Amino acid sequence: MIENNELAMNLQSPLSFEEFRREVLNDFRLACISREISLLGRREVLTGKAKFGIFGDGKEVAQIAMAKYFKPGDFRSGYYRDQTFAFASGIATVEQFFSQLYADPNIENDPFSAGRQMNSHFATPNVNANGEWMNLASMKNTAADMAPTAAQMPRALGLAYASKLFREVPELKEYQHLSHEGNEVCFATIGDASTSEGHFWETVNAAGVLQVPLVIFVWDDGYGISVPRKYQTTKGSISAALEGFRKSEDSNGLEIYNVKGWDYAGMCEAFEEGIRKARETHVPVLFHVEEITQPQGHSTSGSHERYKSKERLAWEKEFDCNLKMRQWLLENALADEKILQQIEAEAKTIAQDGRKKAWDKYIAPIKEQVQAFLGHCQQIVDEGRGEVDFVNHTMQELAANREPQRRDILKAAAGILFRHPRNFPGALEELQLFYDNQLLIEKENYNTYTYAAGPNSALNVEEVPAIYADDAPSINGYEVLNRYFDQLFSHHPLVFAFGEDVGKIGDVNQGFAGLQQKHGKLRIADTGIRELTIMGQGIGMALRGLRPIAEIQYLDYLLYGLQPLSDDVASLQYRTKGTQFCPIIVRTRGHRLEGVWHSGSPMGMIINSLRGMHVCVPRNMVQAAGMYNTLLKANEPSIVIEALNGYRLKERLPENLYDFTVPLGIPDVLHVGSDITIVSYGSTLRIIEEAMHILEAQGISCELIDVQTLLPFDIEHSIVESLKKTNRILFVDEDVPGGGTAFMYQQVMENQGGYRHLDVAPRTLAAQPHRPAYGSDGDYFSKPNVEDVVKVVMEMIRE
């Protein structure tokens with residue numbers, strides 16, 4: 001690592017000078033290798049071997065400089081320009097980079113995503129297959145990359161905030177495998193144009209308030225694809241625009257540095273100072289890295305010659321960081337022309353060698369599949385049955401394809417099978433078996449790990465029933481949660497809760513009342529009104545082994561924080577093929593009928609945007625506590641939506657409040673009946689129960705089922721068993737028509753084959769297609785009411 005004293009190039013010490021010389025030449029070698037990789041990568045896309053490419057050329061020297069101060073335990077939350085940093089920090093190799101470019105589905109070849117993400121999307125594992133957290137404090141870590149601009153910023157706040165907690169919360173001192181006294185820094189990288197996103201500003205503001213070791217590197221190449229900086233940023237400079245955020249002696253805020261992206265020595269010096277300050281004092285730091293170039297333009301999708309002037313293009317050639325470092329080496333007599341030419345030649349060889357190895361590993365199993373397919377085809381031809389000419393043509397077409405893909409093999413096989421619908425024994429039957437087997441293999445490659453498996457899965461948590469004493473007290477729902485959270489925080493030091501009004505007043509519904517005073521301001525914390533970075537705070541903490549309960553005060557405001565939950569959390573296990581986990585619990589409340597923005601039940605939106613998270617909809621607070629217990633025994637993300645109008649309803653208090661678990665995906669039959677099955681969840685169940693009293697007086701027997709969780713949904717298909725008995729089914733909730741009820745309908749009618757057992761058409765009963773009006777009458781006419789349920793059921797019984 002180059003420190004300031006080394007950069008001073010103490011000529012009185014020949015040994016230290018030689019070490020310094022060797023270090024900078026290695027850095028130049030890496031810069032050249034990374035540049036060659038960018039050039040080769042673009043060529044692979046343009047020749048058709050890869051689908052799309054986006055590269056980090058022009059940022060090589062800056063990323064090499066920053067990587068010098070990236071230590072074990074640190075985390076990166078970056079974006080798709082960081083290939084050189086990944087090479088310099090040892091996170092990625094040249095071969096792995098090309099394997100990802102080719103979308104190789106072998107996790108051994110592309111350990112970041114198994115071909116599920118485009119190039120330069122890196123990730124490091126944080127949990128092993130046994131559900132144990134890895135020794136993150138000894139690793140150089142990176143959160144799995146995303147493409148949405150500035151999406152890396154909210155979680156960067158949480159990754160840095162975790163260091164604050166590890167340093168300041170005494171209960172965390174024992175977790176040495178997760179942190180070394182909170183000395184870890186989060187390195188966040190972002191393109192200058194993406195600082196226009198609200199994600200950036202909310203993160204910077206929160207980091208300044210919280211004072212966390214977040215170091216932000218802004219790569220400023222003057223453009224956002226084709227749009228110049230003057231149309232992106234006030235004052236045409238993100239550092240100038242952020243001047244009011246600068247920390248002073250008597251205020252919080254962040255330190256701001258301006259450096260040139262081609263100035264190797266200057267960046268090393270500034271980065272060393274700023275990162276050390278963040279590490280030691282937890283003051284956030286921003287480096288505005290200016291005068292960056294982008295030699296090949298934004299991506300392989302277009303050419304920057306279309307929007308850059310000749311003068312700008314000429315300037316970019318002159319100030320290319322690799323060229324400027326080359327000149328600096330010559331000017332300071334650190335190398336001569338011959339040495340530099342030798343380094344540049346070696347870089348070409350290394351890049352080419354990595355590319356070839358990656359391609360050979362990618363194409364070899366495909367060619368084996370091709371040969372196996374051709375063998376089956378030849379057997380069909382030899383047998384002489386069926387459309388032999390078509391089979392021969394298919395064989396020739398695939399054999400002529402020099403760079404076949406897996407889909408080409410399956411499409412060819414399907415084409416032959418579709419032309420031969422008769423089940424011939426022999427070769428055609430063998431081809432069918434080959435086709436079916438390949439589909440299973442590709443399902444493993446491309447359709448697995450939306451959710452966790454094994455010990456990491458919440459579905460494998462053992463059920464522990466709630467135990468009630470004969471004289472169990474009946475208390476308010478919020479008191480149940482309050483007692484539960486008190487026990488949870490007393491026994492589980494990794495759990496933290498935070499959100500708007502969560503701390504001092506104990507949340508707006510008193511679930512945490514008095515608990516901040518007992519367990520501390522960092523364990524149960526207030527935040528600003530910033531739902532996006534509340535989610536980011538929880539995501540980063542969860543990636544580092546903590547168990548955050550991140551609160552959205554009302555379900556309606558989940559929209560503010562939905563993007564990181566959808567793009568990051570929900571897709572994380574899938575896009576890393578089960579190597580990185582984020583067990584965040586999002587706590588919120590909804591379904592209450594109090595007007596447009598405090599009555600949220602957007603379940604269709606949630607279940608469709610958050611596949612990959614568990615969606616829990618407990619009917620009461622005891623059930624909610626059991627779900628929290630279940631989730632905290634696994635390593636999966638979830639959202640728990642408590643029933644807002646249930647906090648002051650009486651519930652019996654279990655004896656084993658901290659220990660009992662509610663299994664996910666297992667519906668609960670609340671009332672047994674014989675005439676009709678009614679399926680619902682949450683607050684709506686109480687409306688249905690009231691309607692059932694009226695229906696029972698009419699001699700109608702209803703079986704009422706609480707699904708308990710929407711994701712997963714009825715994994716044992718118990719609802720269809722009820723339908724077999726009643727032959728009628730009604731799905732009820734408070735979402736818009738076609739929302740949550742349509743989802744439940746599809747699950748039971750299609751997935752469970754419920755249509756086979758119907759005597760009358762199934763029904764859905766949802767809210768009106770608009771937001772609910774305010775007041776009691778607004779509630780009555782906007783969402784399902786008792787009379788609605790009675791009328792629909794009676795209509796179905798009469799049919």
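**Exercise 1. Two helices and their shared face**

Take helix α3 (residues 60-67) and helix α9 (residues 264-281) in this predicted model: at what angle do they pack, and how far apart are their axes?

*Solution.* Start with the geometry: the packing angle is about 35 degrees, and the axes sit 9 Å apart. Next, the handedness: α3 and α9 cross in a right-handed way. Now list who touches whom. From α3 come V61, A62, A65 and M66, and from α9 come Y264, M267, C268 and F271. Finally, sort those residues by class: the tally is eight nonpolar, no polar and no charged.

**Exercise 2. A steeper pair**

Work out whether α7 is roughly parallel or roughly perpendicular to α18, then describe the contact.

*Solution.* First, get the angle. Helix α7 (residues 198-210) packs against helix α18 (residues 531-543) at about 65 degrees, with 9 Å between the axes. Angles from 65 to 115 degrees count as roughly perpendicular, so that is the label for α7 relative to α18. Second, the crossing of α7 past α18 is right-handed. Third, the residues: α7 brings H199, E202, T203, A206 and L210, while α18 brings E531, L532, T533 and Q537. Sorted by class, this contact of α7 with α18 has three nonpolar, four polar and two charged residues.

**Exercise 3. One more pair of helices**

How do α13 and α14 run, roughly parallel or roughly antiparallel?

*Solution.* Look at helix α13 (residues 388-399) and helix α14 (residues 406-418): their axes come within 10 Å and cross at roughly 175 degrees. Anything over 145 degrees counts as roughly antiparallel, and therefore α13 and α14 get that description. On the α13 side you'll find F390, V391, T394 and L398, which meet D408, I409, A412, G415 and I416 of α14. The class count for α13 with α14 is six nonpolar, two polar and one charged.

**Exercise 4. Reading a seven-stranded sheet**

Which strands stand at the edges of the open sheet of seven strands?

*Solution.* Write down the order: β11-β10-β12-β13-β15-β14-β20, with mixed pairing. Read off the two ends, β11 (524-526) and β20 (709-711); each has a single partner strand, so one side of each has no neighbour in the sheet. From one strand to the next, the twist averages 20 degrees.

Now zoom in on one pair. Strand β12 (residues 547-551) and strand β13 (residues 585-590) pair in the parallel sense over three bridges. To find the register, follow E551 across to β13, where its bridge partner is R587.

**Exercise 5. A five-stranded sheet with helices on it**

Which strands does α23 touch where it packs on the sheet, and which does α24 touch?

*Solution.* Set up the sheet before adding helices. Five strands form an open sheet, ordered β17-β19-β18-β21-β22, and the pairing is mixed. The edges are β17 (668-671) and β22 (763-765), each with a single partner strand, so each has one side without a neighbour in the sheet. The twist averages 25 degrees from strand to strand.

Inside the sheet, strand β18 (residues 676-680) pairs with strand β21 (residues 729-732) in the parallel sense over three bridges. Here V679 has F731 in β21 as its bridge partner.

Then add the helices. α23 touches β18, β19 (702-706) and β21, and its direction makes about 155 degrees with that of β18. Helix α24 (residues 740-751) touches β18, β21 and β22, with its direction at about 145 degrees to that of β21.

**Exercise 6. Backbone oddities**

Where does P712 lie, and where is A114 placed?

*Solution.* Keep the usual pattern in mind: most residues other than glycine have a negative phi, and most peptide bonds are trans. Now check P712: the peptide bond from L711 to P712 is cis, with omega near 0 degrees. P712 is in the loop between β20 and α23 (718-726). A114, though not a glycine, has a positive phi of about 50 degrees. The loop that holds A114 runs between α5 (94-101) and β2 (141-142).

**Exercise 7. Stepping back to domains**

How many residues of domain 1 are in contact with domain 2?

*Solution.* Begin with the bounds. The domain assignment gives domain 1 (17-300 + 311-335), domain 2 (359-444), domain 3 (458-652) and domain 4 (668-798). The centres of domain 1 and domain 2, taken over C-alpha atoms, are 45 Å apart. Counting the contact, nine residues of domain 1 touch six residues of domain 2.

Terms used
Residues are numbered from 1 along each chain as its sequence is written. This is a predicted model: local features need pLDDT of at least 70, side-chain atom pairs count only at pLDDT 80 or more; totals for chains, interfaces and linings use all residues. Side-chain values use heavy atoms; hydrogens and water are left out. Axes are lines fitted to C-alpha atoms, for helices over the stretch in contact, and angles run from 0 to 180 degrees between N-to-C directions. Helices (H or I, at least four residues) and strands (E, at least two) are DSSP runs, numbered from the N terminus. Angles under 35 degrees count as roughly parallel, over 145 as roughly antiparallel, 65 to 115 as roughly perpendicular and the rest as oblique. A crossing is left-handed if the near helix is turned anticlockwise from the far one by less than a right angle, and right-handed if clockwise. Contact means heavy atoms within 4.5 Å. Ala, Val, Leu, Ile, Met, Phe, Trp, Tyr, Cys and Pro count as nonpolar, Asp, Glu, Lys and Arg as charged, and the others, Gly among them, as polar. Two strands pair if DSSP finds at least two bridges between them. Domain bounds come from an automatic or database domain assignment.
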